[in-house]
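Ready for some practice in reading a protein structure? Open the sequence and the 3D view side by side, and try each task before you look at its solution.

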Amino acid sequence: MAEDKKVIIELDNVKRNFIVGSETVHALRGVSFKVHQGEFVTIMGTSGSGKSTLLNQLGCLDTPTSGEYYLDGVSVRTMSKRQRARLRNLKIGFVFQNYNLLAKSTSVENVELPLMYNSRYSAAQRREAAVKALQAVGLGDRLNHKSNQMSGGQMQRVAIARALVNDPAVILADEATGNLDTRTSFEMLVLFQKLHAEGRTIIFVTHNPDIARYSSRNIMLRDGKIRSDEINTNILSAAEALAKLPKPQDD
Amino acid sequence: MNIINLFKVALRAIASNKFRSFLSMLGIIIGVAAVIIMMAIGQGSKESIRQNISQMGTNIIMIRPGADMRGGVRQDPSAMQTLKVEDYKRIDQEKRFISHVSPEVTASGQAINGANNTSTSLYGEMPEYLDIKQWSVSDGECFTEEDVKKSAKVCLIGKTVADELFPNGQDPVGRTLRFKSIPFRVVGVLKSKGYNSFGMDQDNLMIAPYTTVMKRVLAQNYLSSINCSALTEELTDKAIEELTTVLRSNHKISGEADNDFTIRSQEEMMQTMSSTMDTITIILVVAAAFSLLVAGIGIMNIMLVSVTERTREIGLRMSVGATGLDISNQFLIESVMISITGGVLGIIVGYLGTLICNKFGLPTSIPLWSILVSFAVCTVIGIGFGYFPAQKAANMDPIEAIRYE
């Protein structure tokens with residue numbers, strides 16, 4: 001990977017302890033890595049490996065017990081809740097396993113949501129950005145569909161559009177294909193690879209080892225530590241894999 | 001998030017749970033309507049009493065014997081004999097702020113005309129009494145001062161007495177009736193005044209010269225009261241002062257000694273009545289206000305349910321950049337909107353309610369401030385009872401909220 005590119009994420013010996021009853025649980029035991037602009041990183045690990053905790057750190061939803069986390073050059077550890085909310089609003093796009101769309105709201109309204117909390121956007125600018133993001137994920141024709149009128153794949157596309165709309169420094173996907181069937185999962189991977197090709201930085205947390213083959217780099221976690229961190233030199237094309245899948249029988 | 005978007009979000013949340021929102025509004029609607037109706041009835045009764053009293057004449061001053069202590073026992077005013085005819089005469093001679101003055105003695109008993117009889121009250125007065133009370137004679141005319149001097153057995157009768165004793169449309173004027181077996185010639189019939197606001201028949205009475213009643217009916221030498229009218233309502237206080245001076249000197253009361261009479265003005269009575277009505281109104285309104293409190297608790301309850309229900313939504317909003325303040329504002333505005341909408345509907349229902357009360361004969365009058373106060377109270381309820389649920393939402397941990405099932 002080109003080392004001269006801008007460092008988006010830098011973790012320096014990040015530790016996170018939780019106190020459960022009288023015991024201290026060490027969820028992260030000193031994690032250090034850097035992610036450069038334009039990388040597509042998968043973070044893998046079994047449950048209990050600390051990947052959710054790491055994702056919360058990366059997403060500025062939580063702060064480290066010790067160690068430093070720099071997002072786009074800014075230290076997150078000492079930030080207040082309010083400052084972190086602002087940082088999330090500007091720098092991070094989340095994609096969740098269960099989509100987390102607002103019920104009874106249209107695609108555009110869902111995608112506009114992050115911009116609602118950014119006073120620099122006017123109503124017209126919000127809509128324009130939302131429409132653009134929806135077009136980027138291939139939902140240009142479903143702008144005013146409500147979330148309950150869409151399939152799982154379409155809902156996840158809306159969620160990805162919502163993650164793109166604020167032009168974030170990094171997109172954080174948490175098991176983003178976990179609720180989808182194989183075919184739709186590959187469709188999502190095609191979309192993520194397309195975003196990667198456009199130069200976006202993506203961090204994809206998953207327990208599915210297949211996905212790692214489509215990313216540019218794979219970090220394995222075990223017991224709160226990095227077990228391996230490998231650059232993937234042979235990135236498979238999700239579009240090709242999708243084409244090889246048997247055609248759906250009906251619909 | 002800016003305020004317009006907050007309102008949009010709140011409106012959508014309310015609209016997506018229409019029935020539930022309406023039920024929690026209903027508490028506010030009932031509470032506000034109750035407060036408005038109670039205030040309207042209170043205010044209406046007060047105004048109607050005021051009107052009734054002022055119809056009796058606002059410049060009337062009544063002097064009664066009273067405030068008399070004998071051996072530490074306060075005496076019943078009617079048993080006291082401190083007001084004399086001399087008092088009346090001196091007031092009449094020295095009056096400056098008083099336009100009319102009339103002594104009064106009263107007797108009650110049976111009035112009889114042939115086979116007809118009725119129980120009534122006989123007032124012994126001066127002809128000026130009609131000027132004080134602003135009464136007029138509809139048939140015949142009033143007795144004269146000459147009649148008073150001669151203690152003539154003449155009388156005016158009220159409409160009720162006339163109807164009872166002279167049925168079948170007989171003209172009572174010129175006829176003779178008996179009161180306590182003393183014959184009185186009827187010289188006039190008073191114009192009907194109907195019932196007063198305390199439910200008393202103001203037409204069931206006879207008026208005769210006070211001398212006649214004192215000497216021939218009661219055989220007493222003291223007065224039961226003296227009625228005066230001040231020149232104008234504004235001069236009532238000066239008139240009272242004047243009367244006090246005259247009576248104290250007449251009764252030889254000096255220095256610090258208490259008066260042996262009581263002077264009360266109609267204005268004073270009016271104030272007493274008003275303040276009684278105020279007390280009743282306050283009690284009614286406080287009772288109604290409790291229903292508002294209960295309504296507020298209802299809103300708090302529904303907001304807590306709403307916050308729990310939307311935990312995931314809160315988590316999502318926080319993860320895309322909403323601050324605690326954004327979330328708290330969102331829920332606060334929602335509860336304020338529920339309570340203010342309820343308040344506005346409550347004002348409308350309250351207004352319709354007072355119209356219905358009016359139809360059933362209750363005097364009502366909605367004071368403007370009661371509407372403003374209801375509005376303010378609703379806002380306070382919305383913020384007050386929405387605050388705790390809003391804080392609960394604002395303090396959620398986004399990590400847990402977004403994974404909430």
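The exercises below go through strands, helices, domains and a chain contact in this predicted model.

**Exercise 1. A sheet of four strands**

Task: In which order do the four strands of the open antiparallel sheet in chain A stand, and which strands stand at the edges?

Solution:
- Step 1. Begin with strand S1 (residues 7-20) of chain A and strand S2 (residues 23-36) of chain A, which pair in the antiparallel sense over eleven bridges.
- Step 2. Check two places along this pair: A:Lys15 lies opposite A:Arg29 in S2(A), and A:Leu11 lies opposite A:Phe33 in S2(A).
- Step 3. Look at the turn as well. The hairpin of S1(A) and S2(A) has two residues between the strands, and A:Gly21 there takes a positive phi near 65°.
- Step 4. Now find another partner of S1(A): strand S4 (residues 66-71) of chain A pairs with S1(A) in the antiparallel sense over five bridges. Here A:Ile9 has A:Leu71 in S4(A) as its bridge partner.
- Step 5. Put the pieces together: the order is S2-S1-S4-S5 in chain A. S2 and strand S5 (74-75) of chain A are at the edges with a single partner strand each, so one side of each has no neighbour in the sheet.

**Exercise 2. A sheet of six strands**

Task: What is the strand order of the six-stranded open sheet in chain A, and what is its pairing?

Solution:
- Step 1. Recall the choices. Strands of a sheet pair through backbone hydrogen bonds, either parallel or antiparallel.
- Step 2. Try one pair. Strand S7 (residues 170-174) of chain A and strand S8 (residues 202-206) of chain A run in the parallel sense and share four bridges. In this pair, A:Leu172 has A:Ile203 of S8(A) as its bridge partner.
- Step 3. Extend to the whole sheet: the order is S6-S7-S8-S3-S9-S10 in chain A, and the pairing is mixed.
- Step 4. Mark the edges. Strand S6 (92-95) and strand S10 (225-231) of chain A each pair on one side only.
- Step 5. Add the twist: on average, neighbouring strands in this sheet are turned by 15° against each other, direction ignored.

**Exercise 3. One helix, three partners**

Task: How does helix H9 (residues 266-309) of chain B pack against H11(B), H12(B) and H2(B)?

Solution:
- Step 1. Take H11(B). The angle with H9(B) is about 140°, and the axes are 11 Å apart. This angle is not over 145, so H9(B) is oblique to H11(B). The crossing of this pair is right-handed.
- Step 2. See who meets whom: B:Ile299, B:Met303 and B:Val307 of H9(B) touch B:Phe331, B:Ser335, B:Ile338 and B:Ser339 of H11(B). Sorted by class, this contact holds five nonpolar, two polar and no charged residues.
- Step 3. Take helix H12 (residues 368-394) of chain B. H9(B) packs with H12(B) at an angle of about 30°, with the axes 9 Å apart. That angle is under 35 degrees, so H9(B) is roughly parallel to H12(B). These two helices also cross in the right-handed sense.
- Step 4. List some residues of the contact: among them are B:Leu292, B:Gly296 and B:Met300 of H9(B), and B:Val377, B:Phe385 and B:Lys392 of H12(B). The contact of H9(B) with H12(B) has 13 nonpolar, three polar and one charged residue.
- Step 5. Finish with helix H2 (residues 18-55) of chain B, which packs with H9(B) at about 180°, the axes being 8 Å apart. An angle over 145 counts as roughly antiparallel, so this is how H2(B) lies to H9(B). Their contact includes 23 nonpolar, ten polar and three charged residues.

**Exercise 4. Domains and the chain contact**

Task: Into which domains is chain B divided, and how many residues does each chain give to the contact of chains A and B?

Solution:
- Step 1. Read the bounds: domain 1 of chain B covers 3-52 + 272-402, and domain 2 covers 81-259.
- Step 2. Find the spacing. The centres of the two domains, taken over C-alpha atoms, are 57 Å apart.
- Step 3. Turn to the contact of the chains, which takes 20 residues from chain A and 18 residues from chain B.
- Step 4. Name the elements on the chain B side: helix H10 (311-319), helix H11 (324-359) and helix H13 (398-402) each give two or more residues. H10(B) gives the most, with five residues.
- Step 5. Sort the chain B side by class: eight residues are nonpolar, seven polar and three charged.

Note on methods. Residues numbered from 1 in each chain as written. Chains lettered and ligands numbered in written order. Predicted model: local features only at pLDDT ≥ 70, side-chain atom pairs only at ≥ 80, totals over all residues. Contact = placed C-beta atoms within 7 Å. Nonpolar A, V, L, I, M, F, W, Y, C, P; charged D, E, K, R; others polar. Pairing = 2+ DSSP bridges. Axes fitted to C-alpha atoms, helices over the stretch in contact; angles between N-to-C directions. Parallel < 35°, antiparallel > 145°, perpendicular 65-115°, else oblique. Left-handed = near helix turned anticlockwise from the far one by under 90°. Domains from an automatic or database assignment.
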